[in-house]
Amino acid sequence: MSIFARVGAALLVLAALVAPSTAAAAPTSPDATSPDATILASERNADGSTTTTVRVGPLIAQPHSGDGDGEHGMGTHTNVVVPFVPPCVNCYITAIQPDLTYADGSRANYDTGVMLHHAVLFDRARGDVTCDDEPLGLAGRRLFASGNERTGGELPPGTGVKLGWLPLTWTLVELMNMKPESQAVYFDVTMTHVPAHTSGMTEATPVWLDANNCGDSTHPVPAGESTTTWEWTSTIDGTLKAAGGHLHDGGEVITAYNRTTGETLCESEAGYGTDPAYQGHIESMSTCTGDDLGRVNRGDTIELVSRYDTDHADPVAMSIMVAFVAED
Ligand SMILES: [Cu+2]
């Protein structure tokens with residue numbers, strides 16, 4: 001999706017958010033049915049936190065009419081933009097786990113002929129740290145992203161991503177269907193959260209690092225081994241608390257460095273071949289979590305380095321890391 005399409009999508013969502021009668025859905029694909037976001041489950045935990053699952057859907061993955069068989073990312077894409085019910089207001093999200101499921105709760109994946117190409121969770125109420133001055137910044141702060149590998153994570157105790165009194169959360173979901181018939185699936189996001197007044201909580205700011213930042217995130221990789229790098233000059237001061245990467249098939253590892261201090265901030269490795277549902281495709285990314293994973297100072301050069309080793313050139317690979325920084 002181009003920047004302009006994304007901005008258009010963002011504006012569509014904004015329009016939906018200010019017009020309650022249409023707030024149920026703002027699909028970008030004319031053939032998508034009206035998806036909705038609802039609270040599927042919410043449970044109080046013994047420690048006073050709450051775990052809430054927000055379900056987005058039904059999302060209709062359009063039938064695949066091409067000659068692909070699901071190999072090399074072949075399939076038919078469906079993009080949907082949906083306002084996302086915040087799990088809480090004036091609160092901190094301390095853990096998150098995405099999934100792609102069917103109505104009965106069973107998992108949708110390569111073995112059922114559909115995959116979660118991407119999902120990004122935005123908050124229009126806050127500015128994005130690394131894209132605020134770009135057109136994509138109109139979409140709001142990028143809080144979290146998931147590929148089909150569905151990497152979730154938990155922030156270190158006492159830290160959380162803040163949602164304000166009026167979070168304008170929305171999600172952009174891209175599905176890929178390898179089957180000749182349409183499939184109705186759900187993007188489920190399970191989050192643990194605590195009220196903002198919880199003592200001892202510190203806000204963690206999501207910092208989106210991306211080899212094609214402020215664009216559509218895709219970049220080409222050649223067949224064989226390759227390395228892609230990208231730099232960002234930090235505009236914030238803080239301590240890194242957690243980070244996790246996103247790569248496509250063939251991706252091996254993505255690492256964030258602070259080149260100014262010489263620290264390695266986080267190395268996130270791709271995993272393959274343990275869960276048959278993924279049929280050999282990327283199935284996990286390791287994450288980094290800790291009280292002090294390194295410093296990020298205003299003016300520091302933060303470098304992102306990804307390594308791919310693929311058996312075919314991929315024009316639309318990705319190299320993303322979302323870092324969570326407790327600002328000073
Ligand atoms: Cu991706």
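Arg150 comes out as partly exposed in this predicted model, because 19 other C-beta atoms lie within 10 Å and a residue needs 20 or more to be called buried. Its backbone is a bit unusual too: Arg150 has a positive phi of about 60°, although it is not a glycine. As for where this happens, Arg150 lies in the loop between β6 (141-146) and β7 (153-154).

Gln279 tells a similar kind of story. Here phi is positive as well, at about 50°, and again the residue is not a glycine. Gln279 sits in a loop, the one linking β17 (263-271) and β18 (284-285). With 14 other C-beta atoms within 10 Å, Gln279 is partly exposed; the exposed label would take 12 or fewer.

The two strands flanking that loop, β17 and β18, also turn up in an open sheet of five strands, ordered β14-β21-β16-β17-β18 and paired antiparallel. The edges of this sheet are β14 (224-233) and β18; each has a single partner strand, so one side of each is left without a neighbour in the sheet. Further in, β16 (residues 251-258) runs antiparallel to β17, and six bridges join the two. One pairing in this stretch puts Ala256 opposite Cys266 of β17 as its bridge partner.

One more backbone detail is worth a look, this time at a proline. The peptide bond from Gly57 to Pro58 is cis, with omega near 5°. Pro58 belongs to strand β2, which covers residues 50-61, so the cis bond leads into a strand residue.

Definitions and conventions. Residues are numbered from 1 along each chain as its sequence is written. This is a predicted model: local features need pLDDT of at least 70, side-chain atom pairs count only at pLDDT 80 or more; totals for chains, interfaces and linings use all residues. Helices (H or I, at least four residues) and strands (E, at least two) are DSSP runs, numbered from the N terminus. Two strands pair if DSSP finds at least two bridges between them.
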